[in-house]
Amino acid sequence: MGTAMALNLIADGHRLRIWNRTRSKAESLKCKGAQVAPSAIEAITPGGIVFSIVADDRALEEICLGTPLLAEKLGRGGVHVSISTIAPATAKKLAEQHAQFGATYIASPVFGRPTAVAARQIYFCTSGPSAAKDRVRPILQKLAQGVYDFGEEPAAANVVKLAGNFMIAACTETLAEAAVLCEKSGVAPADALNFFTATYFNCPAYKNYAKKILERSWSEVGFTLKLGLKDMNLVNDLALSSAAPMPVLSLLRDRYLSALAQGNGDKDWSTIAQLARDAAGLK
């Protein structure tokens with residue numbers, strides 16, 4: 001997703017200095033005009049704008065809390081736009097640390113698969129100080145079909161992102177169970193799911209995951225199952241800290257854990273749909 005976003009930024013006329021833990025991924029953008037930095041810190045321009053998109057909290061903290069600190073190098077007037085799906089508590093901690101050096105941390109998690117990023121069909125949720133959001137909003141608006149603001153609290157956008165990923169996971173589970181019910185009752189799953197996604201459930205999440213379920217294309221990865229489990233664990237942590245019961249979440253976590261135990265961690269996270277088929281005795 002980061003590569004597709006970087007290509008769009010370059011196409012929009014922005015000059016990029018980039019870094020990736022897997023250097024070959026960064027090098028692939030060199031021929032497009034991006035300057036490859038030897039480290040994350042050396043990719044930063046004091047007072048500039050930094051976009052980060054990494055797999056999890058640990059990866060983001062390794063980048064931000066190394067020596068020297070990312071916020072210290074970014075400095076007064078600098079803005080860090082964090083696109084990663086992380087715990088709200090991590091966002092709050094990093095925002096406080098950035099403020100100590102006069103920099104601003106903006107949470108801006110994204111909804112959309114890599115193909116949607118390339119097509120600029122994604123949605124950003126943003127939260128953080130208004131002045132910094134005003135500075136980066138024109139950039140985000142050109143990358144996406146929608147930018148939605150959730151206020152000044154940096155953690156807010158990450159709460160929304162986790163809630164959304166929970167809903168997508170639940171959507172996949174319900175589609176899978178509905179498809180199994182139809183198939184075992186003598187109705188073609190494709191006929192049923194195509195009807196649903198053309199009428200009452202006519203939206204990208206249902207359309208995209210109905211297609212994945214019908215094709216059983218688990219090896220065509222937009223988002224890995226192990227990252228899906230990571231997100232469900234983050235949702236669970238947030239639910240516990242908020243005293244918000246989520247019975248459906250317990251089922252989803254078990255689905256992801258079971259699929260992971262069966263060696264499917266690097267497949268698409270929609271592979272949990274196969275577990276519904278297995279439970280029903282469908283091959």
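This briefing covers the cores, a helix, a surface patch and some single residues of the structure above. The model is predicted. Its largest nonpolar core has 53 residues, and a second, separate core has 26. Helix α8, which covers residues 156-184, gives the most residues to the largest core.

**Nonpolar cores**

- Within the 53-residue core, the residues that touch the most other members are Y105, I213, M232, L252, Y256 and W269.
- Helix α8 supplies 11 residues to this core, the most of any contributor.
- The second core is separate from the largest one, and its 26 residues include V79, V81, I83 and F124.
- L252, one of the most connected members of the largest core, touches F166, A169, A170, E173, M232 and I272, leaving out residues up to four places away in sequence.

**Helix α8**

- Helix α8 has 29 residues, and at 1.5 Å a residue it should span 42 Å.
- The C-alpha atoms at its two ends are 42 Å apart, so the model agrees with the expected span.
- In an α-helix there are 3.6 residues a turn, so residues three or four places apart point the same way.
- After α8 comes G186, which has a positive phi, near 90 degrees.

**S52 in strand β3**

- S52 lies in strand β3, which is made of residues 49-52.
- The relative accessible area of S52 is 8%, and because the limit for buried is under 20%, S52 counts as buried.
- Apart from neighbours within four places in sequence, S52 is in contact with L60, H80, V81, S82, I83 and S84.
- Two of these contacts of S52, V81 and I83, are also among the members of the second core.

**R135 in helix α7**

- R135 belongs to helix α7, residues 130-143.
- With a relative accessible area of 37%, R135 is partly exposed, because that class lies between 20% and 50%.
- R135 touches G47, G48, I49, G77, G78 and V79, when residues up to four places away in sequence are not counted.
- R135 and I49 are 86 residues apart along the chain, and their C-alpha atoms are separated by 9.2 Å.
- I49 falls within the residue range of strand β3, and V79 is a member of the second core.

**Surface patch and Y123**

- Y123, Y148 and F150 make a nonpolar surface patch of about 290 Å².
- Y123 is part of strand β7, residues 123-126.
- The relative accessibility of Y123 is 30%, so Y123 counts as partly exposed.

Terms used: Residues are numbered from 1 along each chain as its sequence is written. This is a predicted model: local features need pLDDT of at least 70, side-chain atom pairs count only at pLDDT 80 or more; totals for chains, interfaces and linings use all residues. Side-chain values use heavy atoms; hydrogens and water are left out. Helices (H or I, at least four residues) and strands (E, at least two) are DSSP runs, numbered from the N terminus. Buried means under 20% relative accessible area, exposed over 50%, partly exposed in between (1.4 Å probe, protein chains only). Contact means heavy atoms within 4.5 Å. The expected span of a helix is 1.5 Å times one less than its number of residues. Patches are made of residues with over 30% relative accessible area and no salt bridge: like charges are joined within 9 Å, nonpolar side chains (Val, Leu, Ile, Met, Phe, Trp, Tyr) within 5 Å. Accessible areas come from the Shrake-Rupley method with a 1.4 Å probe; for residues, only the protein chains shown count as cover. A salt bridge is a side-chain nitrogen of Lys or Arg within 4 Å of a carboxyl oxygen of Asp or Glu. A nonpolar core is a set of buried Ala, Val, Leu, Ile, Met, Phe, Trp, Tyr and Cys residues joined through side-chain atoms within 4.5 Å.
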